[in-house]
Amino acid sequence: PSGRPLPLIELRELQPEPRPGRGRLERANALRISPARRPGPGAHPDPRLTAAPGAGHRFEPRRRGLHTWCDLCGDFVWGGGRKSLQCRHCSFTCHYRCRALVRLDCSGPPGAGDEDDGNEQVLEKDTNVDEPSEWEKTELDQAQVEQRIKEYNSQINSNLFMSLNKDGSYTGFIKVHLKLVRPVSVPATKRVPTLQAGRPQPQGVKRRTSFYLPKGTVKHLHILSHTRASEVIDALLRKFTVIDNPRKFALFERSEKDEQVYLRKLGDDEQPLRLRLLAGPSEKVLSFILKENETGEVNWDAFTLPELHNFLLILQREEEEHLRRLRHRYARCRQKMQEALATRTPG
């Protein structure tokens with residue numbers, strides 16, 4: 001019934017339509033955020049995942065940003081370089097204590113063997129500005145929405161149309177480019193013999209399988225006009241059965257202007273389909289990219305009360321340890337000065 005509230009979004013594959021064609025293939029390969037079954041696990045392990053320690057990594061103290069999530073155990077890393085390591089080639093990030101447990105081989109320096117990605121990195125400039133552009137703040141009334149949808153549908157050469165609903169909302173498709181440098185983790189299953197057989201994982205480490213997403217991975221999502229950016233991220237992670245914390249990732253909009261490429265991180269409550277409608281179908285004007293959330297910012301409101309209490313305890317312990325070391329250093333310095341004074345006679 002039309003009056004029933006929409007349930008929580010889920011993710012499922014769209015079934016192919018009976019008639020062939022390029023546009024129909026695109027639609028068949030899209031993902032729909034709608035009430036449906038959640039796909040079960042079954043992601044294939046990365047061939048670089050071995051029972052032996054991961055090879056090729058060059059770990060260094062992590063310097064960019066202050067907070068992140070460990071790619072090995074999945075737990076939150078409190079603090080920066082003193083608490084975590086990062087591979088200078090593949091950006092694999094982990095706790096100091098997790099380094100010896102890494103089994104995934106290094107994927108190599110970013111852009112290796114991929115000229116297109118390397119060239120675009122030179123052009124891209126992350127503005128780190130969360131404020132939308134002026135045109136993105138445009139408010140449309142119902143008649144304007146209907147007119148924009150008609151114009152949008154007339155400009156596309158596939159059948160990934162937008163449709164206006166009776167309640168005033170609309171549905172449509174967005175394309176998301178997954179440009180993840182760091183690996184993602186899925187639940188360990190019987191399909192991963194390298195982690196099931198051989199040496200057991202140490203107690204206290206969650207059973208996880210890590211892999212690098214292939215370069216150029218793209219997914220179409222069928223969403224509602226009020227679907228939020230955070231829900232898009234959740235849906236993509238469910239598609240790949242990724243169990244990493246969603247806060248490890250961020251949805252960016254990419255735009256080209258004056259031969260320069262700009263990236264802007266979307267806020268959790270921004271509505272990608274609304275932005276798609278305002279920008280039109282051109283990928284140069286606007287496209288969506290899923291990347292690691294490397295801005296160093298943390299939305300503390302997203303954590304549970306027990307997690308926040310735990311972080312406060314960690315912060316208190318770190319503060320106490322820092323003060324202890326500081327007092328010890330000053331005490332040693334004072335002692336040396338007093339010893340020097342004791343060896344000298346007045347005059």
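The following chat walks through a predicted model of one protein chain.

Visitor: What does the secondary structure of the protein chain come to?
Guide: In this predicted model, the secondary structure comes to seven helices and 16 strands.

Visitor: And how much of it is buried?
Guide: Buried residues account for 39% of the 347 residues in the protein chain, while the area that the chain exposes is about 20,800 Å², with 52% of that supplied by carbon and sulfur atoms.

Visitor: What share of the contacts comes from residues 24 or more positions apart?
Guide: Counting contacts in the protein chain with a separation of 6 or more, 70% are between residues 24 or more positions apart.

Visitor: OK, aromatics next. How many aromatic pairs are there in the whole structure?
Guide: A search of the whole structure gives two aromatic pairs. One of them is formed by phenylalanine 59 and phenylalanine 92, which meet edge-to-face at 6.2 Å centre to centre with 80 degrees between the planes. That pair links distant parts of the chain, since phenylalanine 59 belongs to strand β3 (residues 59–61) and phenylalanine 92 to the loop between β6 (84–87) and β7, 33 residues apart.

Visitor: Are those two phenylalanines, 59 and 92, buried or exposed?
Guide: Phenylalanine 59 and phenylalanine 92 are both buried.

Visitor: Then why is the pair of tryptophan 69 and phenylalanine 76 edge-to-face?
Guide: The ring planes of tryptophan 69 and phenylalanine 76 stand at 70 degrees, with the centres 5.0 Å apart, so this pair is edge-to-face; an angle over 60 degrees is what that class requires. Tryptophan 69 and phenylalanine 76 are both buried as well.

Visitor: Switching to threonine 93, where is it?
Guide: Threonine 93 sits in strand β7 (residues 93–95), and it counts as buried because its relative accessibility is 0%.

Visitor: Which residues is threonine 93 in contact with?
Guide: Setting aside neighbours within four places in sequence, the contacts of threonine 93 include Arg62, Trp69, Asp71, Gln86 and Arg182. Its side chain makes a polar contact of 2.9 Å with the side chain of glutamine 86, and a polar atom of the threonine 93 side chain also lies 2.9 Å from the backbone oxygen of serine 91.

Visitor: What about serine 91 itself, what is its phi?
Guide: Serine 91 is not a glycine, yet it has a positive phi of about 70 degrees. Its place is in the loop between β6 and β7, and at 19% relative accessibility serine 91 counts as buried, because the cut-off for that label is under 20%.

Visitor: Which other residue that is not a glycine has a positive phi?
Guide: Glutamate 259 has one, of about 60 degrees, in the loop between β14 (249–257) and β15 (260–265); with a relative accessibility of 80%, glutamate 259 counts as exposed. Threonine 241, just after α5, also takes a positive phi, of about 50 degrees.

Visitor: While we're there, how many residues of helix α5 are buried?
Guide: Helix α5 (residues 229–239) is mostly covered, with nine of its 11 residues buried, among them Glu231 and Arg238 along with Val232, Ile233 and Leu236.

Visitor: Last one: which residues form a nonpolar patch on the surface?
Guide: Leu323, Leu326 and Tyr330 form such a patch, which together has about 250 Å² of accessible area. Leucine 323 lies in helix α7 (residues 305–342), and its relative accessibility of 32% is why leucine 323 counts as partly exposed.

Terms used. Residues numbered from 1 in each chain as written. Heavy atoms only, no water. Patch = residues over 30% accessible without salt bridge, like charges linked within 9 Å, V, L, I, M, F, W, Y side chains within 5 Å. Areas by Shrake-Rupley, 256 points an atom, 1.4 Å probe, with all protein chains shown as cover. Salt bridge = Lys/Arg side-chain N within 4 Å of Asp/Glu carboxyl O. Helix = DSSP H or I, 4+ residues; strand = E, 2+ residues; numbered from the N terminus. Buried < 20%, exposed > 50% of the residue type's maximum accessible area, 1.4 Å probe, protein only. Polar contact = N/O pair within 3.5 Å; in protein donor to acceptor, adjacent residues only side chain to side chain. Contact = heavy atoms within 4.5 Å. Phe/Tyr/Trp six-rings, centres within 6.5 Å; stacked < 30°, edge-to-face > 60°.
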